Amino acid sequence: MKNQPSAAVLTENTFSFPSPAKLNLFLYINAKRPDNYHELQTLFQFLDYGDQLDIRLRSDGEIRLSPAIEGLKNEDNLIYRAAKILQQATATSYGADIHLHKVLPMGGGVGGGSSNAATALLALNYLWQTHLPISKLARLGLSLGADVPIFIHGKAAFAEGVGEKITYCEPPEKWFVVLKPEVAISTRDIFLAPDLPRNTPKKSLTQRLNEQYANDCEKIVRKHYPEVEELFNWLLKYAPARLTGTGACVFAEFDNEQSARNLFNMKPQKFSGFVARGQNISPLHIMLQNLMQAQSPLTDGADSLNPNHNPTPEVPKHARY
Ligand SMILES: C[C@@](CO)(OP(=O)(O)O)[C@H](O)COP(=O)(O)OP(=O)(O)OC[C@H]1O[C@@H](n2ccc(N)nc2=O)[C@H](O)[C@@H]1O
Ligand SMILES: Nc1ncnc2c1ncn2[C@@H]1O[C@H](COP(=O)(O)OP(=O)(O)O)[C@@H](O)[C@H]1O
């Protein structure tokens, strides 16, 4: 979806949905639980940049996903798993052809897989008219990954526990340069690292918002991944920088787009990345709200699947979706 406005209706019967990235503006690890998951305190904000899912309804119950992601079986793709879980939970007889436009780096800490799963759940719940409430979708989503509920709720939030205890909040919507070194990092590997700090004291949201933001994974990621260390060393010459999630992406924030683009244009070629704006409401939710105000894809007759009949919902002004 990058750099192209997102139309909700692409062609007859094919709908296009954004699957935005997220940043962890801060991330603290408070404890290791008996089930080996870690208790966190983290601040999530969405970006107006991410993947796109084009979805066409099928009446035969089949889920077809294309293109396959290299090295990942389609059955393991979180999009496919999300669609299957929703079918099982609702006993719908519908299926879907899903085309994924992937731009987000995998293993980058920008939440691409979780966001794809949440977009599939929300979009199919809309297209199939299965009417599960957000709370139920978030529970289904949590079984796919710790970050999926945040993307289902679609509002910037302070998350605790493993990401399921959510307090909405509204951090400033800054501009970001997000850069990725030539390495992907497995979340699991970071949480298994013996030298990961695991007992940062819990603090209230107000305290956290009013102190300098940090990421407890940053020190060991920089130590174990020289590519990340090199990226930090470059970026820190120009701006304060932080790790998102468990890495590998690193970001710097700016008050305006031009400053962000000026820095981005200077980056060495070996770092990939993008410029994006923080959004406290997910671009997916803005689009879904507009769609719902238009009309149902299934119940308003055949014409409702005709793009001429169903006007393309407005895209938020500053979004590049
Ligand atoms: C820590 C975060 C912050 O956003 O890192 P990123 O993945 O975004 O970098 C996420 O919550 C990650 O969520 P997600 O990527 O969905 O993780 P999952 O698939 O649920 O878990 C992958 C593995 O990481 C470990 N894990 C994950 C989350 C957590 N709170 N504690 C853990 O110990 C577990 O070993 C788990 O097997
Ligand atoms: N649709 C998907 N997009 C990206 N990754 C996926 C997807 N489905 C499953 N995965 C798996 O999830 C892992 C984490 O991916 P991703 O969410 O992009 O990273 P991160 O959590 O670091 O942002 C990938 O390495 C891949 O094995």
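Here is a quick look at the surroundings of ligand 2, the two helices beside it and a pair of glycines in a loop, all in a predicted model.

Start with ligand 2. Its shell holds 16 residues, and L78, M106, G112, G113 and N116 come nearest. Two elements, helix 1 (78-90) and helix 2 (112-127), each give two or more residues to that shell, with helix 2 supplying the largest share at 4 residues. By class, the shell has 5 nonpolar and 11 polar residues, and no charged ones.

Those two helices also meet each other. Their axes come within 8 Å and cross at roughly 35°, and the crossing is right-handed. On the helix 1 side you'll find L78, I79, A82, A83 and L86, which meet G113, N116, A117, A120, L121, L124 and N125 of helix 2. This contact is made up of 9 nonpolar and 3 polar residues, again with no charged ones.

Now for the loop. UniProt, in an unreviewed entry, lists a "binding site" that runs over P105, M106, G107, G108, G109, V110, G111, G112, G113, S114 and S115. Of these, G109 sits in the loop between strand 5 (95-101) and helix 2, and G111 is in the loop between strand 5 and helix 2 too. Here's how the two glycines look, leaving aside neighbours within four places in sequence for the contacts:

| Residue | C-beta neighbours inside 10 Å | Status | Contacts |
|---|---|---|---|
| G109 | 29 | buried | L243, T244, G245, T246, G247, A248, C249 |
| G111 | 28 | buried | A21, K22, D147, F151 |

Why do they count as buried? The cut-off is 20 or more other C-beta atoms within 10 Å, so G109 qualifies with its 29 neighbours and G111 with its 28.

Definitions and conventions. Residues are numbered from 1 along each chain as its sequence is written. Chains are lettered from A and ligands numbered from 1 in the order in which they are written. This is a predicted model: local features need pLDDT of at least 70, side-chain atom pairs count only at pLDDT 80 or more; totals for chains, interfaces and linings use all residues. A residue is near a molecule or strand if its C-beta atom, placed from the backbone, lies within 6 Å of it. Ala, Val, Leu, Ile, Met, Phe, Trp, Tyr, Cys and Pro count as nonpolar, Asp, Glu, Lys and Arg as charged, and the others, Gly among them, as polar. Axes are lines fitted to C-alpha atoms, for helices over the stretch in contact, and angles run from 0 to 180 degrees between N-to-C directions. A crossing is left-handed if the near helix is turned anticlockwise from the far one by less than a right angle, and right-handed if clockwise. Two residues are in contact if their C-beta atoms, placed from the backbone, lie within 7 Å. UniProt positions are given in the numbering used here, feature names are shortened, and annotations may be inferred rather than shown by experiment. A residue is buried if 20 or more other C-beta atoms lie within 10 Å of its own, exposed if 12 or fewer, and partly exposed in between; C-beta atoms are placed from the backbone.
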